[in-house]
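Open the model in a viewer and keep the sequence panel visible. The stops below are given in the order in which to select them.

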Amino acid sequence: MRTYSAHKFRSNDSVGLYKSSESEAQSDTGSVTVEFLASLVLLVVVLVVSIDIGIFAYVRNLVHAAAAEAARTAAPYGTHVSSAKVRIDQLLPDVVGEYSRALNAYVREDGDFVEVEVQGEFVPSAPFLPRLPLRAKAWAFREEKAVQRR
């Protein structure tokens, strides 16, 4: 069986058809499939990495918002600093779900401020990606300290 394919002649720039042998036609069989699969693998890797980066940014923002809310919980007059620890321990599983397992929260009174710090690692869904460090800090001014200064 003879196949015809487009070929540029060497004598001029016009495109014409020439008869190719069966061995040439068979040598190209499957090359499109291999190129498609290589492109598909690359596309899937880029897609998975992009999704994981987006999820990391989203989780980081949620953790920071949770730390800020926990710090504000301990700020009002008459509340104890330990209320921030209780609140962050409630918020993290509710806000970030399974990602909270790799996070640790620390609460400390730093002079006139309550500081809530969350540290840990973000575990991406792709096994070939490294774990990313996740850290969020939030402060709130203690109202008790403002009343004591008057």
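Begin with Ser 100, which sits in the loop between H3 and strand E3 (103-110). This is a predicted model, so read each stop as a description of the prediction. Show the surface around Ser 100: the residue is buried, because its relative accessible area is 15% and the cut-off for buried is under 20%. Next, show the side chain of Ser 100 and the backbone oxygen of Gly 97; the side chain reaches that oxygen at 2.8 Å. Then hide the neighbours within four places in sequence, and the contacts of Ser 100 that remain are Leu 92 and Pro 93.

**The whole chain**

Zoom out and colour by secondary structure. The protein chain has 4 helices and 5 strands. Followed along the sequence, these elements come in the pattern β-β-α-α-α-β-β-β-α. The chain has 150 residues, and 24% of them count as buried. Among contacts in the chain with a separation of 6 or more, 47% are between residues 24 or more positions apart.

**Helices H2 and H3**

Select residues 31-73 for helix H2 and residues 82-96 for helix H3. The axes of H2 and H3 come within 8 Å and cross at roughly 155 degrees. H2 is therefore roughly antiparallel to H3, since angles over 145 degrees fall in that class. The crossing of the two helices is right-handed.

Now show the side chains where the two helices meet. On the H2 side, select Val 59, Leu 62, Val 63, Ala 66, Ala 67, Glu 69, Ala 70 and Thr 73. On the H3 side, select Ser 83, Ala 84, Arg 87, Ile 88, Leu 91, Leu 92, Val 95 and Val 96. Coloured by residue class, the residues of this contact divide into 12 nonpolar, 2 polar and 2 charged.

**Ser 83**

Stay in helix H3 and centre on Ser 83. What does the side chain of Ser 83 reach? It reaches the backbone oxygen of His 80, at 2.6 Å. With residues up to four places away in sequence left out, Ser 83 touches Thr 73 and Ala 74. For a C-alpha distance, pick Ser 83 and Arg 72: they are 11 residues apart in sequence and 9.8 Å apart in space. Ser 83 counts as partly exposed, at 22% relative accessibility.

**Asp 94**

Move along helix H3 to Asp 94. Is Asp 94 buried or exposed? Asp 94 is exposed, because its relative accessible area is 66% and the cut-off for exposed is over 50%. Draw a line from the C-alpha of Asp 94 to that of Ala 66; the two residues are 28 apart in sequence and 9.8 Å apart in space. Ala 66 is one of the H2 residues already selected for the contact with H3.

**Ile 51**

Return to helix H2 and select Ile 51. Ile 51 is partly exposed, with a relative accessible area of 45%. Add Ala 126, which is 75 residues from Ile 51 along the chain. The C-alpha atoms of Ile 51 and Ala 126 are separated by 9.7 Å.

**Glu 115**

For the last stop, select strand E4, residues 113-122, and centre on Glu 115 within the strand. Glu 115 is buried, with a relative accessible area of 6%. Which residues is Glu 115 in contact with, leaving aside its neighbours within four places in sequence? They are Tyr 106, Val 107, Arg 108, Asp 110, Lys 137, Ala 138 and Trp 139. Show these side chains together with that of Glu 115 to view the surroundings of this buried residue.

Conventions. Residues are numbered from 1 along each chain as its sequence is written. This is a predicted model: local features need pLDDT of at least 70, side-chain atom pairs count only at pLDDT 80 or more; totals for chains, interfaces and linings use all residues. Side-chain values use heavy atoms; hydrogens and water are left out. Axes are lines fitted to C-alpha atoms, for helices over the stretch in contact, and angles run from 0 to 180 degrees between N-to-C directions. Angles under 35 degrees count as roughly parallel, over 145 as roughly antiparallel, 65 to 115 as roughly perpendicular and the rest as oblique. A crossing is left-handed if the near helix is turned anticlockwise from the far one by less than a right angle, and right-handed if clockwise. Contact means heavy atoms within 4.5 Å. Ala, Val, Leu, Ile, Met, Phe, Trp, Tyr, Cys and Pro count as nonpolar, Asp, Glu, Lys and Arg as charged, and the others, Gly among them, as polar. Buried means under 20% relative accessible area, exposed over 50%, partly exposed in between (1.4 Å probe, protein chains only). A polar contact is a pair of N or O atoms within 3.5 Å; within protein, one must be able to donate a hydrogen and the other to accept it, and residues adjacent in sequence count only if both atoms are side-chain atoms.
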